[in-house]
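This briefing concerns a predicted model. It addresses three topics in turn: a helix and its surroundings, the nonpolar cores, and the cysteines.

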Amino acid sequence: MADIVRVAVDAMGGDKAPFVTVKGAVDAVNEADNLKVFLVGQKDKVESELSKYKYDGSKIEVVDATEVIEMAEPPVMAIRKKKDSSIVKAMYMVNHGEADAYVSAGSTGATLVGGQVIVGRLKGVDRAPLAPLIPTEKGNSLLIDCGANVDARANHLVQFAKMGTVYMENIMGIKNPTVAIVNIGAEEEKGNALVKETFPLLKNCPDINFIGSIEARDIPAGYADIIVCEAFTGNVILKMYEGVAKSMMHVIKKSLMGSLKTKIGALLIKNDLKKSLSDYSLEKYGGAPMLGLKGLVVKTHGSSSDIEIKNSILQCVTFTEQRISEKISAKISE
């Protein structure tokens, strides 16, 4: 049997906690044999939710944390003052080696600060980026960075490309994944100061498969496996992706329900359409890993469903089994 992977889950994080966090955790341990989950949060509330489900009691443990860091709280101050919060206690479990990974749908700011300060960066890593998988026509691409480093420098983006390469090779099984930098045109001379400085560094980096610039309109087509940018641009791309997907769903539904003819057509294509749209669902990919840390930190949406929580936890198993942190450390030191 494979080694047990231990995941500390912020049970109080997210809009629907602790319901979705507990259900996601139960579904995860029921699916994976080599998994133990620590549900970190207010014990009475967490245990009340757990009592609704059937699971192997040895695979879930509740860790009491009396405080909760709210979404609107200043993250640095919250991390410092709320030592008994679910976020801080779960992070310290990773720091102390009691857990291999951390998952939260709670405060993004507190998770990012805690990842840097409590879990800590790997030696040689200058910045730790958030890197979600996004759906494309060809499968999926890794968007790196989508929220952690708004003011990144050129050398940081080169490290992002290297970390992304390790992730896509080992987690997604893509050999020699292609890397592109987000730009306003395909020509090398285009872009802002950061892109112009970063482009030649990526071009001359021997251990990544750099293919040049990518415009935002080409990202959904899957022209590159790894999309490199600083966090401001990445977050705009991610939010636009989510917004367009939601709008398209409304447009499609309205069109299909517009008349008797389209309603009949909708019944005929319902199953095929549902399958096609599921390929573009972000929740099936789990959360965004924060790469370059000594332990795995995964941030999911505040509105995450239990399915996304489950997949984020299972993502930690694959990440740990593939020793991604060790491989990133080796890649950065090359």
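Helix 1 has buried residues at Val20, Thr21, Val22, Gly24, Ala25, Val26, Ala28 and Val29. The elements that cover these buried residues include strand 1 (5-10), strand 2 (35-41), helix 2 (43-50), strand 3 (60-64) and helix 10 (306-321).

**Helix 1 geometry**
- Helix 1 comprises 13 residues (residues 19-31), for which a span of 18 Å is expected at 1.5 Å a residue.
- The C-alpha atoms at the two ends of helix 1 are 18 Å apart, in agreement with that expectation.

**Nonpolar cores**
- The largest nonpolar core contains 62 residues, of which Val7, Leu35, Val37, Leu39 and Ile313 touch the most other members.
- Helix 6 (residues 154-170) supplies the largest share of this core, 9 residues.
- Beyond its neighbours within four places in sequence, Ile313 contacts Val7, Val9, Gly24, Ala25, Ala28, Leu35, Val37 and Val103.
- A second core, separate from the largest, has 40 residues, among them Ile87, Met91, Ala110 and Ile237.
- In soluble globular proteins, nonpolar side chains tend to be buried together.

**Cysteines**
- The structure contains 0 disulfides.
- Cys229 cannot be paired in this model because the closest cysteine sulfur, in Cys146, lies 8.4 Å from its own, too far for a bond.
- Cys229 is buried, at a relative accessible area of 4%.
- Cys316 likewise takes part in no disulfide, and the nearest cysteine sulfur, that of Cys146, is 16 Å away.
- Cys316 is buried, with a relative accessible area of 0%.

Definitions and conventions. Residues numbered from 1 in each chain as written. Predicted model: local features only at pLDDT ≥ 70, side-chain atom pairs only at ≥ 80, totals over all residues. Heavy atoms only, no water. Core = buried A, V, L, I, M, F, W, Y, C linked by side-chain atoms within 4.5 Å. Buried < 20%, exposed > 50% of the residue type's maximum accessible area, 1.4 Å probe, protein only. Helix = DSSP H or I, 4+ residues; strand = E, 2+ residues; numbered from the N terminus. Contact = heavy atoms within 4.5 Å. Disulfide = S-S within 2.5 Å. Expected span 1.5 Å × (residues − 1).
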